[in-house]
Amino acid sequence: MADTKQAKQVKQAERKAAKLAKQIGAFAKAHGGAEGQLAYLGQMGTRIVLVGEDGGWGDLVAASHDIAQAAAEKAGITLHESFDGEFAAKVRTGPYEWTRMAGIQVGGPSNS
């Protein structure tokens, strides 16, 4: 019985990884390629941060680090250990991001 439950969990994880890999692939296609970084979120799972060759960026959340790792491997993207240096420098932000991330601190509109 335990083996059946474990097999079911493995299949579910594989399906989740495949779905995420498809989304990563679509992002990469839309942005001329992509690279990523995995960030542990605690019990919530793992964040997959994506940066496209054109500077576009986005993220996805996987239920576990193993699922995130499998999805990135299936999608064929390069993963970075940290979000810094040349990798972080590829990100291009616009007015929306500046307003949302630092608006209050740099004199933008309040978020209240």
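This is a guided tour of the structure, element by element.

The model is predicted, with local features requiring pLDDT of at least 70, side-chain atom pairs counting only at pLDDT 80 or more, and totals for chains, interfaces and linings using all residues. Residues are numbered from 1 along each chain as its sequence is written, and side-chain values use heavy atoms, leaving out hydrogens and water.

**Whole chain**

Start with the cartoon of the whole protein, which has 4 helices and 4 strands. Helices (H or I, at least four residues) and strands (E, at least two) are DSSP runs, numbered from the N terminus. Along the sequence they follow the pattern α-β-β-β-α-β-α-α. Switch to a surface: the accessible area of the protein is about 7600 Å² (Shrake-Rupley method, 1.4 Å probe), and carbon and sulfur atoms contribute 54% of that. Of the 112 residues, 30% count as buried; buried means under 20% relative accessible area, exposed over 50%, partly exposed in between (1.4 Å probe, protein chains only).

**The sheet**

Select the 4 strands next. They form an open sheet with mixed pairing, in the order β3-β2-β1-β4; two strands pair if DSSP finds at least two bridges between them. At the edges are β3 (57–62) and β4 (78–80), each pairing on one side only. Neighbouring strands of the sheet are turned by 30° against each other on average, direction ignored.

Now select residues 34–40 and 46–52, strands β1 and β2, which pair in the antiparallel sense over 7 bridges. One place to zoom in is Ala 39, whose bridge partner in β2 is Arg 47.

**Helix α1**

Add residues 2–30, helix α1, which packs on the sheet and touches β1, β2 and β3. Contact means heavy atoms within 4.5 Å. The direction of α1 makes about 175° with that of β3; axes are lines fitted to C-alpha atoms, for helices over the stretch in contact, and angles run from 0 to 180 degrees between N-to-C directions.

**Helix α2**

Which residues of helix α2 (residues 65–75) are buried? Show Ile 67, Ala 68, Ala 71 and Ala 72 as sticks. Seen down the axis of α2, these buried residues fall within an arc of 130° (taken from the directions from the helix axis to the C-beta atoms), so they line one face of the helix. They pack against α1, β1, β2, β3 and β4. Rotate to the other side of α2 to find Asp 66, Glu 73 and Lys 74 exposed.

End at Gly 76, just after α2, which takes a positive phi of about 75°.
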